[in-house]
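Have the sequence and the model open side by side, and let's walk through a handful of places together. We'll go from single residues to rings and then to helix packing.

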Amino acid sequence: MTASAPAPTAAAPETDTRARLRRSVSNTLKGSAGNLVEWYDVYVYSVFAGYFESQFFSPEDKNATLFIWAIFAVTFLMRPIGAWFFGRFADRYGRRLSLTVSVTIMAGCSFAIAITPTVSTIGVAAPMILLLARLIQGFATGGEYGASATYLSEAAMPGRRGFLSSFHYVTLVGGHVLAQLTLLAMLKLFDAAQISLWGWRVAFALGGVAAIVVFWMRRTMDESLGADSIQAARSGQARASGSLRELFVHQWRPLLLCFLITAGGTVAFYTYSVVGPKMIQARFAGDDTMTGVVINLIALIVLMLLQPIGGWLSDLVGRKSLLVFFGIGGVLYTAYLVLALPQQTHWLPAFAILALAFVILTGYTSINAVVKAELFPTHVRALGVGLGYALANSAFGGTAPLLYQAALRTGQVKLFAGYVTAVIAVSLIVYVVFLKNKGANWLDDAAGMDRRSTRGT
């Protein structure tokens, strides 16, 4: 008996590791569920835009499509404000509470859009309500990104952060997949006129109902910000927590780096995953509507499933390698995607062109959460990640669909392709020059980074 006594002690570290991994996976799933619902609420707008356009703008208005996408773009202006508000909130009062509040706001706005009367009933008030609801959703989304990216990165175990944090974009893309699935189900059950009349309202309402479920789930997940940090912020002792002054004075370098890392990634993401599917939807309109929806759905599922693979690879070879892969691929491939995809008449080449774009995009999307979270110390992490992302997202990401529509109307699609390529090229330079594959970072070696920053000052 005495000879076998050391066995439990030897096994203890392995047991503890398994328990930590299970807890990490549980928190990842709970945190991701809310992300899934919030991004469904974002993408249900772009997926159903062609169907509810006539409900908010007169069918005789030739600029109706442009107005619909202008509303999509202008909501991104609220994201930096949301990133500041919720980033400060998350750095002072915890990531969990911030995420719970943001999903509640998203749900309320989705219900509001679902019950808004049409332009024929209340006139110009209809598009004004749509705009207001989407602006508030943009505010909530700006907060969701920074807090959720921070939470998933902090909750993940060291050595597996890339893999586990990749579920941030699994669920982000998953929201788009759910929106496409909703449209596919409606096309199976109803005709286009019925979807335009009332089906789109059901789609928005579903997002609101799902958010109620997520509200409960998020209340049960662990808090990744230490209790001491929350107490210090609440008592007024940690004035630097979530402070814009702290961010712009002492953390401006990582903030600028976060912005530049995001710029190319976000313009590619919205060009590939929003504009690309819209090209297919337009090309296969009419009798081939179902074909276009199926192509987009399968391609987006591929993108979703690629995220954990990219995250896992980054844990092995480093984050920089994947970002450089994305940058080079984006520079070489974007023009071909934008110019060739609308010309395809058969489903197979259309799917192949979009799927290859998603393979390239995975080099950015799968690790964008963790690579930004590694840049900032805990007390300004949610604010720094959220604001850096939101500013780049507002400038380059959200405007991409609107710019494409304008380029399409003026015959300047090649110019649009050149613009997207140039922004990706700038980010590629940043990936090559300023990032490293290995080394200390604020997530895994906060003490070392603190000593380094102290020496630097």
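## Leucine 172 and its surroundings

Leucine 172 sits in helix 8. This is a predicted model, and in it leucine 172 has a relative accessible area of 0%, so it is buried. Setting aside residues up to four places away in sequence, leucine 172 is in contact with Asn35, Trp39, Tyr43 and Phe269.

How far apart in space are the C-alpha atoms of leucine 172 and serine 58? They are separated by 32 Å, with the two positions 114 residues apart along the chain.

## An edge-to-face pair

Phe269, one of the contacts of leucine 172, also takes part in ring pairing. A pair of aromatic rings is described by the distance of the centres and the angle of the planes. The model holds 30 aromatic pairs, counting ring centres that lie within 6.5 Å. One of them joins tyrosine 169 and phenylalanine 269, with 5.4 Å from centre to centre and 90° between the planes. Planes over 60 degrees apart count as edge-to-face, and that is how this pair is classed.

Why does this pair tie together parts that are 100 residues apart in sequence? Because tyrosine 169 belongs to helix 8 (residues 167-189) while phenylalanine 269 belongs to helix 12 (residues 252-283). Are the two partners buried or exposed? Tyrosine 169 is buried, at a relative accessible area of 3%, and phenylalanine 269 is buried at 3% relative accessibility.

## The aromatic cluster

Tyr169 and Phe269 are both members of one aromatic cluster. Its other members are Tyr45, Phe52, Phe56, Trp69, Phe72, Phe76, Trp200, Phe204 and Tyr270. If you like to pick selections by hand, these residues are a handy set to display together.

Which residue lies over the face of phenylalanine 76? It is arginine 79, placed 3.9 Å from the centre of that ring.

## Helix 12 against helix 13

Helix 12, which carries phenylalanine 269, packs on helix 13 (residues 289-317). The angle is about 160° and the axes are 8 Å apart. Because angles over 145 degrees count as roughly antiparallel, helix 12 is roughly antiparallel to helix 13. The crossing of these two helices is right-handed. On the helix 12 side, Pro277, Ile280 and Gln281 make the contact, and on the helix 13 side Gly292, Ile295 and Asn296 do.

## Two residues of helix 13

Serine 314 and valine 317 are both found in helix 13. Serine 314 is buried, with a relative accessible area of 2%, whereas valine 317 is partly exposed at 39% relative accessibility.

Beyond residues up to four places away in sequence, serine 314 touches Gly162, Arg319, Leu322 and Ile367. On the same basis, valine 317 touches Leu322, Asn437 and Lys438, so Leu322 appears in both lists. For a long span, take valine 317 and threonine 118: their C-alpha atoms are 53 Å apart in space, and the two residues are 199 apart in sequence.

## Helix 6 against helix 17

Helix 6 (residues 125-155) and helix 17 (residues 381-397) also pack, with their axes 8 Å apart and an angle of about 130°. That angle makes helix 6 oblique to helix 17. Their crossing is right-handed.

Which residues meet where helix 6 packs on helix 17? Helix 6 brings Tyr145, Gly146, Ala149, Thr150 and Glu154, and helix 17 brings Arg381, Ala382, Val385, Gly386 and Tyr389.

## Valine 380 and glycine 31

Valine 380 is in the loop between helix 16 (368-373) and helix 17. With a relative accessible area of 0%, valine 380 is buried. Leaving out residues up to four places away in sequence, valine 380 is in contact with Asp91, Ala240, Gly242, Ser243, Glu246 and Gln251. Valine 380 and arginine 88 are 292 residues apart in sequence, yet their C-alpha atoms are 7.6 Å apart in space.

Glycine 31 has its place in helix 1 (residues 6-56), and glycine 31 is buried, with a relative accessible area of 2%. From C-alpha to C-alpha, glycine 31 and arginine 96 are 8.4 Å apart, and 65 residues apart in sequence.

How values were computed: Residues are numbered from 1 along each chain as its sequence is written. This is a predicted model: local features need pLDDT of at least 70, side-chain atom pairs count only at pLDDT 80 or more; totals for chains, interfaces and linings use all residues. Side-chain values use heavy atoms; hydrogens and water are left out. Rings of Phe, Tyr and Trp (its six-membered ring) pair if their centres lie within 6.5 Å; planes under 30 degrees apart count as stacked, over 60 as edge-to-face and the rest as tilted. Helices (H or I, at least four residues) and strands (E, at least two) are DSSP runs, numbered from the N terminus. Buried means under 20% relative accessible area, exposed over 50%, partly exposed in between (1.4 Å probe, protein chains only). A charge sits over a ring if NZ of Lys or CZ of Arg is within 6 Å of the ring centre and within 35 degrees of the ring normal. Axes are lines fitted to C-alpha atoms, for helices over the stretch in contact, and angles run from 0 to 180 degrees between N-to-C directions. Angles under 35 degrees count as roughly parallel, over 145 as roughly antiparallel, 65 to 115 as roughly perpendicular and the rest as oblique. A crossing is left-handed if the near helix is turned anticlockwise from the far one by less than a right angle, and right-handed if clockwise. Contact means heavy atoms within 4.5 Å.
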